[in-house]
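Work through the exercises below with the sequence and the 3D structure in view, and try each task before you read its solution.

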Amino acid sequence: MRCSDSGPATPGLFDDLDVPQPTRVENLGPQSRVLRGFALPWIERLLPALETVLAEAPFRHMVTPGGFTMSVGLSSCGQLGWTTDRSGYRYSRIDPQSRQPWPPMPEAFRQLAEAAAQAAGFSAFTPDACLINCYRPGAKMSLHQDKNERDYSAPIVSLSLGLPALFLFGGQQRSDKSQRVPLLHGDVVVWGGVDRLRYHGVLPLKDGEHSLLGQQRINLTFRQAG
Ligand code: MD3
Ligand code: FE
C-alpha cells in the first residue's frame, strides 16, 4: 500500500486488528464494572515488571487453615502480602518463604490500578497490596469473600492475564445464585461499595495456550489492605 492509494485492496479485512480499541464497560453489579481490554495498552510495561516481582517472590502453593493446599499458586508485591497457613489468613509485611519484605509494587502496576479505579468511578485509590494468583489448567478458587482488608470502603481492582477463565460473581450470601463472567487477557474488573463483600470464585481453568503467557492464567488483585 502506497501513500497515494485510496485504501487497502480488501477494505474491512484488517481494519482494527492492531489499533487500540476503546474500553467496553460492562456493569456486573451496582458498583462492579468490567473494563474489557483496559490493560492491553499497558501489557508491554506490565509483563517485565511481573517477571521482576516473581524472580524475587516466586509462586508457591499455600495451605489453608483447614489443611488444604491451594491449587492456585500465590505471590504478592507491595507493602503488604496476603498469606495463609494452618494458623489463618492474614496480610503480612514479610514473605514467609524468603523472610524478606515482599518486592515493591512496580510503578506500572500502581498506575494501571489507579487509572482503572478512576475509570470505574472510584477516586483516591492507593493500593498497598497486590496479590498475584497463578492458575494452571484445573486450578480453581472456591466461592469466598475478601474480608482480610482493614477497610471495606476501598475498591479492589483485578487484572486478568493469559488464558481465559470463567469468573463466578455471587451475592451477599454463599447460597445466592452466581453469574458466570468470562475474563480474558487484558480485562480489568473493579469491585467496590455495595458489591465489595459479594461472594466470588473462579471455575477450574481449561487447557489452552496463550501466545504471551503459555499454559496459565495470572490474576493480579490490587487492594488497600492496611
Ligand atoms: C468480587 N481472585 O484473590 S479476582 C482473590 O481471578 C480472588 O484470581 C480471583 O478472588 C482471581 O481473592 C478473582 C476478582 C475479585 C476480587 C475481589 C472481589 C472479585 C471480587 C471482592 C468483592 C467482590
Ligand atoms: Fe477474592
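By the rule that a salt bridge is a side-chain nitrogen of Lys or Arg within 4 Å of a carboxyl oxygen of Asp or Glu, the count comes to eight salt bridges. This is a predicted model, in which local features need pLDDT of at least 70 and side-chain atom pairs count only at pLDDT 80 or more, while totals for chains, interfaces and linings use all residues. Residues are numbered from 1 along each chain as its sequence is written, chains are lettered from A and ligands numbered from 1 in the order in which they are written, and side-chain values use heavy atoms, with hydrogens and water left out.

**Exercise 1.** Describe where Glu 149 lies and whether it is buried or exposed.

*Solution.* Begin with the chain: Glu 149 is found in the loop between strand E9 (141-144) and strand E10 (156-162), where strands (E, at least two residues) are DSSP runs numbered from the N terminus. Next, take its relative accessibility, which is 5%, so that Glu 149 counts as buried (buried means under 20% relative accessible area, exposed over 50%, partly exposed in between, with a 1.4 Å probe and protein chains only).

**Exercise 2.** Find the salt bridge that Glu 149 forms with Arg 196, and place both partners in the chain.

*Solution.* The side chains of Glu 149 and Arg 196 meet at 2.8 Å, N to O. This pair links distant parts of the chain, since Arg 196 sits in the loop between strand E13 (188-191) and E14, 47 residues apart from Glu 149. Both Glu 149 and Arg 196 are buried.

**Exercise 3.** Compare this with two further salt bridges, Asp 195 with Arg 198 and Asp 85 with Arg 90.

*Solution.* In the bridge between Asp 195 and Arg 198, the closest N and O atoms are 2.9 Å apart. Salt bridges that share partners join Asp 146, Glu 149, Arg 196 and Arg 223 into one network. Asp 195 is buried at 3% relative accessibility, and Arg 198 is buried at 14%. The bridge between Asp 85 and Arg 90 has an N to O distance of 2.6 Å; here Asp 85 is partly exposed at 28%, and Arg 90 is partly exposed at 33%.

**Exercise 4.** Which protein atoms are donors of the iron ion (ligand 2)?

*Solution.* The donors (N, O and S atoms within 2.8 Å of the metal, or 3.2 Å for Na, K and Ca; water is not among the atoms, so sites may look incomplete) are His 144 (NE2), Asp 146 (OD) and His 200 (NE2), lying 2.0 to 2.2 Å from the ion. Asp 146 lies in the loop between E9 and E10 and His 200 in strand E14 (residues 200-202), so this pair ties together parts that are 54 residues apart in sequence.

How values were computed:
Helices (H or I, at least four residues) and strands (E, at least two) are DSSP runs, numbered from the N terminus.
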